[in-house]
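Here is a colleague's note for someone opening this structure for the first time. Please keep the sequence and the 3D view at hand while reading.

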Amino acid sequence: MNSRQELRFGVLGPVEVLKGNVSLDLGPRQRRLLLIRLLLEDGRPVSQDTLCRDLWPTDRPTGAASSVRAHISRLRAVLDPVRQGRSTVLVSGPAGYALKVPAGARDTTLFEESVSRAREALRNGRLTAARQEIDAALALWRGEALAEATEHAFAIRERTRLDGTLQDARELQAAILVQQGETEPAIGVAEGLVLKAPLRETSWALLMRALYAAGRPVEALRQYERFRDMLATDLGLDPSPQLRDLHTAILRHDVVVLGTPPPADSVTAASTAPLTPGLEFTTVCTHPDPRNTDAAPFVGRHEEKKQLAALLSAATAGRPRWAVITGEQGSGKTRITDELSAWAVSAGFTVARTRAGQALSGNRGISQTCPTVQLLDALRQDGKDSAEDEEARKDPLATVVDELTQGPTLVVVDDLDQAPQGFHRLLRRLAKVLREAPVVFVCTLRNPDAPVSSMLLADLALIGATWLTLDPLTADDVAELLTARGEDAGPAAAQALHRRCEGHPFALAELLELPPERRTGPEAQVPAAVRNILHARLVELPDPARTMLTYAAADGEWLDLGLLADVQGLAPDQLLPLIDAAVTARILVWDGEPGTGGTGRYRLPELPRDVVLGTLTPSSRQIRHAAFARELAARPGADPARLARHLRAAGPMAPAAAQR
C-alpha cells in the first residue's frame with residue numbers, strides 16, 4: 001500500500017492528517033489553511049493567485065506567492081515523504097496546485113456514507129445496524145467542521161453544508177433512539193437540536209415524538225405550542241400541515257400517524273384477593289417483578305424501599321398515605337416508582353399513573369378535559385369514557401373518592417411540578433377528604449421549589465407525608481450493580497466508575513453500555529446520551545460562562561478561583577456570577593466541607609470536564625495551558641509539578657520565560 005492510500009484526512013474538527021494512527025505535524029496555521037483550501041476543491045487545481053487571495057483576504061503580504069510555494073513544498077514533504085520524482089499526492093500544473101486524495105480517505109465521505117447506511121437500515125427496520133452506523137458517523141466529529149477556517153469566505157459554503165448534514169444525522173439518531181425505546185436519550189438529542197436550530201421544524205417534530213414515546217404527552221403538546229408561538233412571533237407563520245397532523249395524533253393517541261406505541265399503561269392489579277391489614281411487604285419489595293426481565297438490576301435505595309414498603313403496608317390497614325420523591329432528571333425517580341408499582345401489583349393493588357396531570361392508563365389517555373376526568377381515566381379499567389360519566393359530572397370529587405376506596409390503590413403522580421394548577425387543587429382536596437381509605441399517593445418532581453407545587457406540598461407536609469430525596473448512588477451501590485451484572489470488577493474499578501458518574505443513575509447506566517476499558521481511565525469515552533445532555537446545558541450558558549469553563553477544564557477538577565480569574569483578566573466579582581450560572585446549569589458542583597460552616601470548593605466533575613474539553617481544538621487547549629503556565633511562573637511558591645504539567649500541555653504555545 002503506498003503512502004497516499006495510507007493517509008486519512010479529517011476536517012470534522014481541526015484539520016488533521018493521519019498515517020496509520022499517527023497524526024502528522026502539518027505546521028503553522030497558514031499551512032493548515034492551505035491544506036483545507038485544497039481539500040475543498042476535491043482534486044481540482046487551484047491557482048496560486050486564488051490561494052493568495054483566499055489565505056490573505058486582507059493585508060496580503062508582499063511575499064504571499066513565495067509563502068504559498070514554501071508551504072506547498074513543506075506539505076509535500078509531510079504528505080509524500082518517500083516519493084521518487086514528482087509527488088502524486090500534492091501535484092502542480094499550469095492551472096495551479098491540486099490535492100489528489102481518494103474519497104474514502106476523507107472523514108466527510110466516511111461520515112456521509114455511514115449516515116446513508118444508517119438511514120437505509122432504519123428504513124428496512126434494522127435498528128441495531130442503524131444505531132451502529134449513526135454512532136460511528138457521529139463519532140467522526142471532533143469539534144466544529146473546518147474549525148480553523150471559520151473566518152475565511154472560501155470555507156463558508158462547505159461549512160454550512162456540513163453543519164446541515166450534522167443536523168440531519170442527529171435527527172436520524174433521535175429517530176433511531178425513539179424506535180429502540182431509548183426515549184430519554186432521544187429527548188436529550190432532540191432538545192439539543194432545537195436549541196441549535198430553533199426554526200427547524202423536523203427537530204421539533206422529533207422532540208414531540210420522543211416526549212410522547214416517553215409517556216410525556218403533555219410536554220409534547222407544550223413543545224408544539226412553544227414552536228407555534230415562536231413561528232408566529234418571528235416569522236408570522238403557522239406550523240406546516242404535517243406538524244399540525246402530528247399534534248392532532250398526539251391528542252388522539254393515533255399510533256398510525258405517530259409510528260410509536262402509546263405511553264405505557266399503568267400496571268393493573270394482578271390479583272383481586274383481599275389483603276390482610278398490616279401485611280408485611282419486605283418479601284415483595286426485595287424480589288424483582290418476574291415480568292420485568294429486561295430491566296437492569298435495581299440496587300441501592302435500601303432506606304427508600306423500606307419507607308415505601310411501609311406506606312403500602314399502612315394502606316392495607318385503611319390508612320391513606322402520601323409520599324413525595326424528589327430528584328434531578330435521571331436520578332431514578334421513574335425506576336423506583338416502577339419498582340413500587342410492581343410490588344403493589346404483586347400484593348393485589350390497583351395501580352394508576354398520571355404524568356404531569358394527564359392519565360397514562362385507562363381509557364382516553366391524554367385529552368383536553370378536567371383533572372378529575374384525567375384521574376378517573378387513570379383509575380378505571382372498564383374502558384368507559386370518564387368524560388361521559390353522568391355521576392362524575394354531578395359530583396366529580398365524590399366519584400374519584402369512590403373509585404379510590406374500591407380496594408387497595410396506588411396512585412403514582414409523575415412530574416407533579418409540570419402538572420397544571422387544576423390538578424394540584426384536586427390533589428389538595430383529596431388530601432383533606434381522604435381519612436379512611438386503602439390508598440397510597442406517590443408524587444415525583446424535579447423541582448420542589450416550583451411555585452405551582454408549593455401549596456400542595458405545604459398541605460402534604462401538614463399531614464405527615466413521607467419525603468424522599470434521591471441522592472446519588474454510593475460506590476458500594478455501583479459495586480453491587482457490577483456484581484449483579486456478572487462483572488468481576490474489583491473495588492478500585494467500582495470506585496473509578498462511581499467517581500466518573502458521580503453516582504448519577506442515568507450516567508451510570510449509559511457508562512455500563514460501553515466496553516469496560518472505555519468507561520474509565522485514559523481511553524474513557526463520554527456516552528453519546530450523556531454528552532448530548534451536557535452539551536444542551538452548555539448551550540444555555542452565556543458565552544463568558546462557557547469560556548470560563550474551558551479554562552477551568554484545562555486546569556483540572558478543582559477550581560482555583562484566584563488563578564482562574566487572573567488568567568482571564570477578570571475581577572472576582574466578574575467571575576463569581578459565571579460560576580453561579582455553571583452551578584445552576586449542573587455543570588459545576590459545590591463540595592462543602594462537613595461541619596465547617598459553609599466552606600468548601602467548586603469542582604468540575606469528570607464527565608462535564610471531558611465534554612467541555614471536547615469542545616476545544618488542540619490549539620485552543622494549548623492557549624489555555626500556556627496562560628496558566630505564564631500566571632503560575634509569575635507566582636512565588638507556585639507548585640512546580642502543576643507548572644510543569646501546564647507547560648507540557650501547552651506544547652508549542654508554552655511561554656519560553658516560564659520554562660527557565
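**Notes on selected contacts**

1. Start with E339, which counts as buried at 7% relative accessibility. The model is a predicted one. E339 makes a salt bridge with R335, with 3.0 Å from N to O. Both residues belong to helix 15, which spans residues 333-346. They sit four residues apart, or about one turn of the helix. R335 is the partly exposed partner, at 24% relative accessibility.

2. How many salt bridges does the structure hold? The count is 41. The E339–R335 pair stays inside one helix, helix 15. The next two points take pairs that join separate elements.

3. Look at E184 and R216. Their side chains form a salt bridge, 3.1 Å from N to O. E184 is in helix 8 (residues 183-196), and R216 is in the loop between helix 9 (201-213) and helix 10, so the bridge ties together parts 32 residues apart in sequence. Which of these residues is buried, and which is partly exposed? R216 is buried, at 4% relative accessibility. E184 is partly exposed, at 30%.

4. Now go to R603 and D591. They meet in a salt bridge with an N to O distance of 2.7 Å. This pair links distant parts of the chain: R603 lies in strand 13 and D591 in strand 12, twelve residues apart. R603 counts as buried, with 9% relative accessibility. D591 is partly exposed, at 27%.

5. R603 has another contact to check. It lies over the face of W558, 5.7 Å from the ring centre. The buried R603 therefore appears both in a salt bridge with D591 and over the ring of W558. A further charge over a ring comes from R624. Its charged end sits over Y551, at 4.8 Å from the ring centre.

6. Strands 12 and 13 come up again among the aromatic residues. The whole structure has five aromatic pairs. One of them is W590 with Y602: the ring centres are 4.8 Å apart and the planes are at 65°, so this pair is edge-to-face. W590 lies in strand 12 (residues 589-592) and Y602 in strand 13 (residues 600-603), so the contact ties together parts twelve residues apart in sequence. Y602 is buried, at 16% relative accessibility. W590 is partly exposed, with a relative accessible area of 39%.

7. Which residues are linked in a network of salt bridges? They are D338, R353, R355, D414 and D415. Follow D415 a little further. It is in the loop between strand 9 (409-414) and helix 19 (421-433). D415 is also buried, at 7% relative accessibility.

8. The backbone of D415 deserves a look too. Most residues other than glycine have a negative phi. D415 has a positive phi of about 55°, and it is not a glycine. E502 is another non-glycine residue with a positive phi, about 60°. E502 is placed in the loop between helix 22 (491-501) and helix 23 (505-512). Is E502 buried or partly exposed? It counts as partly exposed, at 26% relative accessibility.

9. On the surface, find L199, L235 and L237. They form a nonpolar patch with about 270 Å² of accessible area together. L235 lies in the loop between helix 10 (217-234) and helix 11 (241-252). Its relative accessible area is 47%, so L235 is partly exposed: the exposed class needs over 50%.

10. How many disulfides are there? The count is zero. Two cysteines can still be placed by their burial. C52 is buried, with a relative accessible area of 4%. C501 is buried as well, at 2%.

11. End with a long-range contact. A528 and L138 are 390 residues apart along the chain. Their C-alpha atoms are separated by 9.1 Å. A528 is in helix 24 (residues 528-539). A528 counts as partly exposed, at 26% relative accessibility.

Definitions and conventions. Residues numbered from 1 in each chain as written. Predicted model: local features only at pLDDT ≥ 70, side-chain atom pairs only at ≥ 80, totals over all residues. Heavy atoms only, no water. Patch = residues over 30% accessible without salt bridge, like charges linked within 9 Å, V, L, I, M, F, W, Y side chains within 5 Å. Areas by Shrake-Rupley, 256 points an atom, 1.4 Å probe, with all protein chains shown as cover. Salt bridge = Lys/Arg side-chain N within 4 Å of Asp/Glu carboxyl O. Helix = DSSP H or I, 4+ residues; strand = E, 2+ residues; numbered from the N terminus. Buried < 20%, exposed > 50% of the residue type's maximum accessible area, 1.4 Å probe, protein only. Disulfide = S-S within 2.5 Å. Phe/Tyr/Trp six-rings, centres within 6.5 Å; stacked < 30°, edge-to-face > 60°. Lys NZ or Arg CZ within 6 Å of the ring centre and 35° of its normal.
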